[in-house]
Amino acid sequence: MSSRKLLNDCFAHGGTRLRHDEAVALITGRLSCVTAVRRVPLRAATGRWLAAPVTAPRDVPLHRNAAVDGYAFAAPAPEGTLPVAARIAAGDLAPRRLAPGTAARIFTGAPVPEGADSVAMQEDCSITPDGITLPHGLKRGANVRQIGEDVAKGAEILSPGARLRPQDIAALASFGLASVRVQAPVRVAVLSNGDELRDPGGSIAPGQVFDSNRTMLKALIATLPCTVTDLGILPDQAPRIEAAIAEAARNHDLILTSGGVSQGEEDHVVAAIDRLGSRHLWQIAIKPGRPMSFGQIGDCVFLGLPGNPVAAFVCFLLYARPAIVALGGGTPDEPTRYHLPAGFSQTKKPGRREFWRGWLETTPQGPVARKFARDGSGLISGLRRASGLIEVLEDETQVTEGAAVRFLPFDQFGIQG
Ligand SMILES: Nc1nc2c(c(=O)[nH]1)N[C@H]1C(S)=C(S)[C@@H](COP(=O)(O)OP(=O)(O)OC[C@H]3O[C@@H](n4cnc5c(N)ncnc54)[C@H](O)[C@@H]3O)O[C@H]1N2
Ligand code: MOO
């Protein structure tokens, strides 16, 4: 896939607070793959986005072979005892044609000889000094794997943009391919902003907080094929923030920041983007995460996540992740929403979409979605209790126990456990 430059006009909007789905459409619709193409060995290909279609260069399997250890014969199985005229093991290349009225001892994976079309499992055969007696009722073709039955030569088995899973790697190896063309990792720079922030491992005083967002964001980024540059903590000083962002924009595809995007005088990140490039989106009608900002500096995408850890986490899943997928050459998919009965009741303000921390619990009536009681955007404990997000739409004002809610499990965002 060729590297296409970002379009500077692509995020323009009327200035009103965007709805969640408009913000997603803006990101996924306008960003495209910017990464280079690399050929990598299969061992390095898992989790990468495929850059070119893969067509099966040969049939798999390449030869008709036995699916079990047993005896090869020509159906229908003859009555009485059959002499065993040959022995064929896996790896034997060209077994002799099986003479009519005989059977061949055969092992799993071994080529089925001409003259035979079926294999009886050895446990189902009676072995006598003169040969074997076959079971009744075996269909022609039983226990035989046909040429190309897994994949036929010429079939396109993977398309560009596919994210390679271990089973895809198995398919590539089964064709004899040792390497594959994938997109290079997305180059992401991460920084935190705030005078109150301290790096874990150092000292702290009341009034300060340890920077948890940066580590969390790097862990989230690690679920995708990216390289990360850690720009550390930047204080609330406009020139420092501007210089760091300008420098990072030169050799990264995406800059991800947290903090400094709301409306205070100390919130310098958004101002820096306005000076250095263009801001295309700021403020989304969601909770948490409203002050998320989105823009570009030259060809580098900028995503300013809110400082509150829960807001940063939610915005990463909803917006940064699809942005990385699009930049990296994948296909950003809408997360799957499972409709489940609510195990709680809660009211909500209209006009914004809310994402509550939730999990599933099994009851005698089936699974229900539970909600973390407190909604505070700084509560990492709620994120840890959760296994997904409960999504409540803009026009909804009430969730009633027993009514259906939408649940977005975290595992589809690459967060396991
Ligand atoms: N007057 C207004 N105040 C606030 C608004 C608003 O619209 N008007 N929005 C609120 C919302 S919603 C959020 S979310 C926050 C986001 O603000 P910022 O992105 O500017 O974040 P900060 O003010 O820098 O920090 C907010 C909060 O998060 C803590 N924080 C920041 N960075 C980290 C980090 N790396 N690790 C851990 N914790 C972090 C920070 O100490 C603050 O407690 O603004 C609201 N205010
Ligand atoms: O919406 Mo803020 O993003 O509450 O935490």
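Helices (H or I, at least four residues) and strands (E, at least two) are DSSP runs here, numbered from the N terminus. With that in hand, welcome to a short tour. The model is predicted, so local features need pLDDT of at least 70 and side-chain atom pairs count only at pLDDT 80 or more, while totals for chains, interfaces and linings use all residues. Residues are numbered from 1 along each chain as its sequence is written, and chains are lettered from A and ligands numbered from 1 in the order in which they are written.

## Domains and core

Let us start with the overall layout. An automatic or database domain assignment supplies the domain bounds. The protein is divided into domain 1 (20-36 + 185-328), domain 2 (42-46 + 51-59 + 156-182), domain 3 (65-145) and domain 4 (338-413). Between the C-alpha centres of domain 3 and domain 4 there are 59 Å.

A residue is called buried if 20 or more other C-beta atoms lie within 10 Å of its own, exposed if 12 or fewer, and partly exposed in between, with C-beta atoms placed from the backbone. A nonpolar core is a set of buried Ala, Val, Leu, Ile, Met, Phe, Trp, Tyr and Cys residues joined through C-beta atoms within 7 Å. The largest such core holds 73 residues, and the ones with the most contacts inside it are Leu 254, Leu 303, Cys 315, Ala 323 and Leu 327. Helix H6 gives the most to this core, with 16 residues. Domain 1 and domain 4 each contribute at least three residues to this core.

## Two ligand sites

A residue counts as near a ligand if its C-beta atom, placed from the backbone, lies within 6 Å of it. Around ligand 1 there are 26 residues, and the closest are Asn 213, Gly 259, Ser 262, Pro 306 and Gly 307. Helix H3 (213-221) and helix H6 (309-328) each supply at least two residues of this shell.

The surroundings of ligand 2 consist of Lys 287, Pro 288, Gly 289, Arg 290, Pro 306, Asn 308, Ala 311 and Ser 377.

For the classes, Ala, Val, Leu, Ile, Met, Phe, Trp, Tyr, Cys and Pro count as nonpolar, Asp, Glu, Lys and Arg as charged, and the others, Gly among them, as polar. The table gives the two shells by class.

| Shell | Nonpolar | Polar | Charged |
|---|---|---|---|
| Ligand 1 | eight residues | 13 residues | five residues |
| Ligand 2 | three residues | three residues | two residues |

## Two open sheets

Two strands are taken to pair if DSSP finds at least two bridges between them. One open sheet has four strands in the order S6-S7-S4-S8, with mixed pairing. Its edge strands are S6 (84-88) and S8 (118-121), each of which pairs on one side only. On average, neighbouring strands of this sheet are turned by 30 degrees against each other, direction ignored; axes are lines fitted to C-alpha atoms, for helices over the stretch in contact, and angles run from 0 to 180 degrees between N-to-C directions. S6 and S7 (residues 103-106) are parallel partners over four bridges, and Arg 87 has Arg 105 in S7 as its bridge partner.

Another open sheet has three strands in the order S5-S10-S9, with antiparallel pairing. S5 and S9 (126-128) stand at the edges with a single partner strand each, so one side of each has no neighbour in the sheet. S9 and S10 are antiparallel over three bridges, and Gly 131 in S10 is the bridge partner of Thr 128.

## Backbone details in the loops

Cis peptide bonds are worth a look. The bond from Ala 75 to Pro 76 is cis, with omega near 0 degrees, and Pro 76 is in the loop between S4 (70-73) and S5 (81-82). Lys 287 and Pro 288 are also joined by a cis peptide bond, with omega about -5 degrees. Pro 288 lies in the loop between S20 (286-287) and S21 (293-297), and both Lys 287 and Pro 288 are among the residues around ligand 2.

Which residues other than glycine have a positive phi? Asn 143 has phi near 60 degrees, and Gln 283 has phi of about 80 degrees. Asn 143, in the loop between S10 (131-133) and S11 (144-145), counts as buried because it has 22 C-beta neighbours inside 10 Å. Gln 283, in the loop between S19 (278-282) and S20, is partly exposed, with 19 other C-beta atoms within 10 Å.
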